Amino acid sequence: MADSFKTHLDKQLDAIRESGMYKAERIIAGPQGTEITLEDGSHVLNFCANNYLGLANHAVMRESAHKAIDDYGYGLSSVRFICGTQTVHRELEKRLADFVKMEDAILLASCFDANAGLFEALLTAEDAIISDRLNHASLIDGIRLCKAKRFRYENNDMNDLEKQCQAARDAGARYIMIVTDGVFSMDGIIANLKGVCDIAERFDAMTVVDDSHATGFVGTHGRGTPEHCGVEGRIDILTSTLGKALGGASGGFVAASKTVVDMLKQKSRPYLFSNAVAPPIAAASLAGLTWVEKADVERERLQDNHKRFRAGMRDAGFDCPKGDHAIVPVMFYEEVLASNMAKQLTQEGVYVTAFTYPVVPKGTARIRVQLSAAHTAEQIDQVIKAFSAAKASLDGES
Ligand SMILES: Cc1ncc(COP(=O)(O)O)c(C=O)c1O
């Protein structure tokens, strides 16, 4: 590497460190869970995983993954359409589609891939995409890869969405696609899908929802934000991940009509040019899905848990915006303060992460706490106390 280029990168890295926005990789030395072991052997309470239903290290997942290695082998050494599709992949696609009440589904290595390959495969420069300003990076990147005209509306703002639909119509768009996260992952806010669907109908637009932070636990039966918002059957395309509530390993999918799924199998580049999901993950996801379908008790416990945390944190004087989701942002606004709080919380035995720019807008730094159905009430109360202790300790230093 040229010395000048290395110096150029080193300077940028120093600037990131000084701004408090440096993301250090933190290493855990055991399985995922509500209590984890760190590299130095210490044990901490974990409140920042997307392990919403507690499946990541559940016996159901471990046992089915072990068995799948015997039944299907370890890996496929192939993309899906060459020689990488096993019965278990197709079965999982059908079960995922049934679960979210769509005709069919296509399985990919991640939801990032699902979103990256979606738009370019379906739309051209004659079309328009209207995207929520706070959509996930994978949707933003997928939209960038497509030649359709781009419009952006303010977060969850239905007046602005309507304006942008009109602008797309005025620009002569052939097909219009409205794209939103089901849950905005930095804030834990559920999208107004009823509003989105009503506007989509008026403008004859299609709807795409990324339900990564909802599939399995939002909605009475865990079918996600369309169920929660009462719009099942009105969403055209739903993308989601197997890497959160549905088991936590990896994998993503797009669920839609048979025609859309068929087209994605012809054209989605991450599907055509990347390896099949490993058989133990596909098989364990199937077992996980059966478990999730019956997980009413866990879904209810998760609700109780995030309500308990929010109420306790507010009583302790922390700034937690209103919400109805297992993601609870604790706002600190200043990047350095949020980072120092997260570090201090590790000292207090709690594992959480500060989110700073560019993951969230500048000046809105926060610690994003995520509750799981596997957390106990005692663990939640312990974490609230740890936040107060960490704050007192930082206040004492300043
Ligand atoms: C809303 C949203 N979409 C997509 C993804 C990507 O999912 P995966 O980890 O399966 O690539 C994430 C994960 O962070 C997400 O939060």
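How many residue pairs are in polar contact across the interface of domain 1 and domain 2? With both partners at pLDDT 80 or more, the rule finds eight such pairs. Keep in mind as you read on that this is a predicted model.

Let's start with the two parts that meet there. The domain assignment builds domain 1 from two stretches, 22-53 and 296-397, while domain 2 covers 59-293. Between their C-alpha centres there are 27 Å. Domain 1 brings 17 residues to the contact, and domain 2 brings 20 residues.

Now to the surface the domains share. Together they bury about 1600 Å², and carbon and sulfur atoms account for 58% of that area. If you want to see where domain 1 gives up its area, look at Leu53, Arg299 and His325: these residues lose the most to domain 2, together 37% of what the domain 1 side buries. The interface also has a charged link, with a count of one salt bridge between the domains. Asp187 and Arg366 join their side chains in a salt bridge, with 2.9 Å from N to O.

Next, let's turn to the ligand. Its surroundings include Ser110, Cys111 and Phe112, then His136 and Ser138, and further along the chain Asp181, Asp210, Ser212 and His213. Thr241, Lys244 and Gly251 complete the list. Sorted by character, this shell has two nonpolar, seven polar and three charged residues.

Three of these neighbours are worth picking out in your viewer. Asp210 places a polar side-chain atom 2.5 Å from a nitrogen atom of the ligand. His213 has a polar side-chain atom 2.8 Å from a ligand oxygen, and for Lys244 the distance from a polar side-chain atom to an oxygen atom of the ligand is 3.1 Å. As for cover, the ligand on its own has 390 Å² of accessible area, and the protein covers 80% of it.

Technical notes
Residues numbered from 1 in each chain as written. Predicted model: local features only at pLDDT ≥ 70, side-chain atom pairs only at ≥ 80, totals over all residues. Heavy atoms only, no water. Near = heavy atom within 4 Å. Polar contact = N/O pair within 3.5 Å; in protein donor to acceptor, adjacent residues only side chain to side chain. Areas by Shrake-Rupley, 256 points an atom, 1.4 Å probe, with all protein chains shown as cover. Nonpolar A, V, L, I, M, F, W, Y, C, P; charged D, E, K, R; others polar. Domains from an automatic or database assignment. Contact = heavy atoms within 4.5 Å. Buried area = accessible area lost by both parts, 1.4 Å probe. Salt bridge = Lys/Arg side-chain N within 4 Å of Asp/Glu carboxyl O.
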